[in-house]
Amino acid sequence: MDKAKPFCISKREVWEAYKRVKANHGSAGIDGQSIEEFEGDLNNNLYRLWNRMSSGSYLPPPVRRVDIPKGDGRTRPLGIPTVSDRIAQMVVKRYLEPILEPVFHEDSYGYRPGRSAHNALSVARQRCWNYDWVLDLDIKGFFDNIDWALMLRALRKHTQCKWALLYIERWLRATVCMPDGTLVNREKGTPQGGVISPLLSNLFLHYVFDIWITKYHPQIRFERYADDVICHCSSEGQARELYQALEQRFAVCGLELHPQKTKIAYCKDSNRPGSYAEQEFDFLGYTFRPREAMNRKGEMFISFSPAVSDKAAKAMRGTIRHWRLHNRSDLELDDLARWTNPVMNGWVRYYGLFHPSVLQKKLRTFDFYLMRWARHKYKRLKRSRSKAWDWLTRLRSRQPDLFPLWAIESSVG
């Protein structure tokens, strides 16, 4: 380590940060440089980055704005940093994470080591059985509206590290390069897509929400995954009072609850005879609602439980359509499996946790396209839809593990 440098950042830390960034892959930033291109002069690139960070002269370049389509026709803005900037952010993240992790609430699950969306979903399902009502929160434009002064105040509660605070403030203030090339200055928010953004957003909501609700509403249990939050309440009245209190709390902190997307839902099941207009909600790609289930005695009952949401299923069907399998008669069945299975395996692993049979049913689109592929591929099936379906049925029976969606067993979740 160079003793003449004002900041004690080791070369080893920059190297470890680079390895993490490489493992995460990611798109090129404003300079168009990929990970592979960065590695073309790796030693010099890492040295220059270390030299600037440890001397205090590192200035982050603008982040590249990319608009990702959402299921409702709108877009989600992402800010893509350059490879060098991602490595610099990872250096700071690796410093801060061990400090902040022990502080975070046990019911905060997003972007934390050893925690996952499945953990949050499992706890939410259990609590929906124990509490009658849910307040489903939707924070309007959360990442774009984080107050910088409040964020830095929260950071200073946990560290006085000058270089970490300096670079985080520079990242917050970094300009954004829009798709048309114009540079836009920001006055609040942290771009989604940055390495450091998830940690900062967790810290912000730790004080805005987690600590506040624990102090002022200790009887309320919740699950939070980044800015996706659900609160469990004992009565509709309690849920409405909490809604009003949170509106005020978020307003004080520069945030707003979405008036159409934030809702109160009744967790109806066989033990809850009441009936209300709102009896379902979405959380992390799953829809929680009353569903038929079977107990150990083989008796049917109504359970309030999650399964893949219509919104998530629609996005997956869109991907299947985009594959245009029916036009790939040049491929053999094994080729189709090698091409599509990595994606479908991801779907099954995530969305097949609860009620996997619902996932299988909602993605029957795949079978339709496979049947159309067979009619293009095999002359004997070309003129007969029924023969093509018979072929598909026999194939599924003979090779149930050929495609992940076929391997799903019917389950009550």
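1. In this predicted model, helices α1 and α4 cross with right-handed geometry. The residues of α1 that make the contact are E13, V14, E16, A17, Y18, R20, V21 and N24. On α4 they are R86, I87, M90, V91, K93 and R94. Sorted by class, the contact of α1 with α4 holds seven nonpolar, six charged and one polar residue.

2. The packing geometry of this pair is as follows. Helix α1 covers residues 11–24 and helix α4 residues 83–100; they pack at an angle of about 115°, and their axes are 8 Å apart. α1 is therefore roughly perpendicular to α4, since angles of 65 to 115 degrees count as roughly perpendicular.

3. Further along the chain is a sheet. Three strands make up this open sheet, ordered β9-β10-β11, with antiparallel pairing. β9 (281–283) and β11 (300–308) are the edge strands; each has a single partner strand, so one side of each lacks a neighbour in the sheet. From one strand to the next, the twist averages 50°.

4. The pairing of β9 deserves a separate point. β9 and β10 (residues 286–294) run antiparallel and are joined by three bridges. Which residue of β10 is the bridge partner of D282? The partner is T287. As background, strands of a sheet pair through backbone hydrogen bonds, in either a parallel or an antiparallel manner.

5. A helix also packs on this sheet. Helix α5 (residues 117–130) lies across β9, β10 and β11, and α5 runs at about 60° to β10.

Terms used
Residues numbered from 1 in each chain as written. Predicted model: local features only at pLDDT ≥ 70, side-chain atom pairs only at ≥ 80, totals over all residues. Heavy atoms only, no water. Pairing = 2+ DSSP bridges. Helix = DSSP H or I, 4+ residues; strand = E, 2+ residues; numbered from the N terminus. Axes fitted to C-alpha atoms, helices over the stretch in contact; angles between N-to-C directions. Contact = heavy atoms within 4.5 Å. Parallel < 35°, antiparallel > 145°, perpendicular 65-115°, else oblique. Left-handed = near helix turned anticlockwise from the far one by under 90°. Nonpolar A, V, L, I, M, F, W, Y, C, P; charged D, E, K, R; others polar.
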